[in-house]
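User: Please take a close look at one part of this structure, the one that can be followed in the most detail, and explain how it connects to its surroundings. I would like one continuous account, with the cut-offs stated where a term is used.

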Amino acid sequence: MKDEIVGNIASIESMGLVDGPGIRYVVFLQGCKLRCLYCHNPETWDIKKECEKITPSDLIKKIVRFKSYFGVDGGVTFSGGEPLLQPEFLLESLKLCKKNGINTALDTAGVGFGEYDEILKYTDLVILDVKAVEPDEYKKITGLDMSAFNSFLSACIKNNKKMWLRQVIVPNINDNEESVLKLKKFASKIKNVEKIELLPYKTIGVHKYKDLRIPYRLDGVEDMDEEKCKNLEKLLN
C-alpha cells in the first residue's frame, strides 16, 4: 500500500518565505550525498539518522491545514538534505499535493536516484542549486563528479520544467565576475530558466560541525559581503 511508504524528515517549516514563490510549507528530507565545503546543515547528511518518520498521507494532513495561507503563489517545497534520495516518498507526497490543488516546488542539488520523469510530472517548479558549472570546480566544492547533476538537469530540460537556478557565492572561491559570467553562460543554454539568484555565503552552521566533531573546511572564511553579492548578481541581467 502507498501509505506504507515512510519518509525520514529532518525538519518542517510551516511558513517559509525564501523557498520558492509566496508562502511555503517546507519539508526538509533527511540525507545528502554531497559534502559541500559551505554546507550549513551537516546534520542532514546521514539518511539513516533517526528523525521524524511520516507517511505521505499523514504529511498531507499537516500541509492542508496551511493551505489558506498559500494564496495564489504559495504552496509546498520539498527540500533537504536532498529530497531526491527518498524518491518513493517524494513522489507520493507530490501526487497528494497536486490532488489537493497545492503548488509544488523541489529545492534540490539534483543528486538522487534513477529516473526523474514521474517526480517532475508532479513538480511545478524546480529550484536547482548549481554548485559550479565546470567539473573540476564542482568536485572541489561537493566531493563528487557532475554526472548525477547533469542527469537530473537533462530530465528537467526534457520535461520543459520551470526552473530557478541558485548559487552560493563564497569569498575567494567564486566571488568574482568570471565565475558569475560562467553561470550566466550556463543558464543561457537552458530555455526553461525563469531566474537566477546568488546567495551570499553565511557562517551560521559552523557551530554544528563542532557539535558533530566534523572538521569545517572553510574555517576562518567570513560571511560573504551582501552588497558585493548584489553587485555580482547584476551581471546576470
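Analyst: Helices (H or I, at least four residues) and strands (E, at least two) are taken here as DSSP runs, numbered from the N terminus, and on that basis Thr123 has its place in the loop between α4 (117-121) and β6 (125-129). The model is a predicted one, in which local features need pLDDT of at least 70 and side-chain atom pairs count only at pLDDT 80 or more, whereas totals for chains, interfaces and linings use all residues. Residues are numbered from 1 along each chain as its sequence is written, and side-chain values use heavy atoms, with hydrogens and water left out.

The part to look at closely is the sheet, together with the helices and loops around it. Its 8 strands form an open sheet with mixed pairing, in the order β3-β1-β2-β4-β5-β6-β7-β8, where two strands pair if DSSP finds at least two bridges between them. At the edges stand β3 and β8 (193-200), each of which pairs on one side only, and the twist from one strand to the next averages 30°; for such angles, axes are lines fitted to C-alpha atoms, for helices over the stretch in contact, and the values run from 0 to 180 degrees between N-to-C directions.

Starting from the β3 edge, β1 and β3 run antiparallel and are joined by 3 bridges, with Asn8 standing opposite Lys53 in β3. The pair β1 and β2 is also antiparallel, joined by 5 bridges, and here Glu13 has Val26 of β2 as its bridge partner. The pairing of β2 with β4 is parallel, with 6 bridges, and Leu29 stands opposite Gly80 in β4. On this sheet packs α3, which touches β1, β2, β3, β4 and β5 (104-108) and whose direction makes about 170° with that of β4; contact means heavy atoms within 4.5 Å.

Helix α1 (residues 56-64) can be added to the picture through its buried residues, which are Pro56, Ser57, Leu59, Ile60 and Ile63. Seen down the axis of α1, these buried residues fall within an arc of 155°, so they line one face of the helix; the arc is that of the directions from the helix axis to the C-beta atoms. They pack against β1 (7-16), β2 (24-29), β3 (52-54), α2 (67-70), β4 (75-80) and α3 (87-99).

The loop between β2 and β3 deserves attention as well. In this loop lies Gln30, which counts as buried at 1% relative accessibility; buried means under 20% relative accessible area, exposed over 50%, and partly exposed in between (1.4 Å probe, protein chains only). Not counting residues up to four places away in sequence, Gln30 touches several residues, including Asn8, Trp45, Cys51 and Gln86. Gln86 is 56 residues from Gln30 in sequence, yet the two are 8.4 Å apart in space, C-alpha to C-alpha. The loop also holds Glu43, whose side chain meets that of Lys208 in a salt bridge (3.1 Å, N to O), a salt bridge being a side-chain nitrogen of Lys or Arg within 4 Å of a carboxyl oxygen of Asp or Glu. Lys208 lies in helix α8 (residues 206-212) and Glu43 in the loop between β2 and β3, so the pair ties together parts that are 165 residues apart in sequence. Glu43 is partly exposed, with a relative accessible area of 24%.

Towards the β8 edge, Arg166 and Glu197 form a salt bridge through their side chains (2.5 Å, N to O), and this pair links distant parts of the chain, with Arg166 in strand β7 and Glu197 in strand β8, 31 residues apart. Arg166 is buried, at a relative accessible area of 11%, and Glu197 likewise counts as buried, at 17%. Helix α9 (residues 226-233) lies across β7 (163-169) and β8, running at about 155° to β8.

To return to Thr123, this loop residue counts as buried at 1% relative accessibility. Leaving aside residues up to four places away in sequence, Thr123 touches Leu94, Thr104, Ala105, Leu106 and Lys161.
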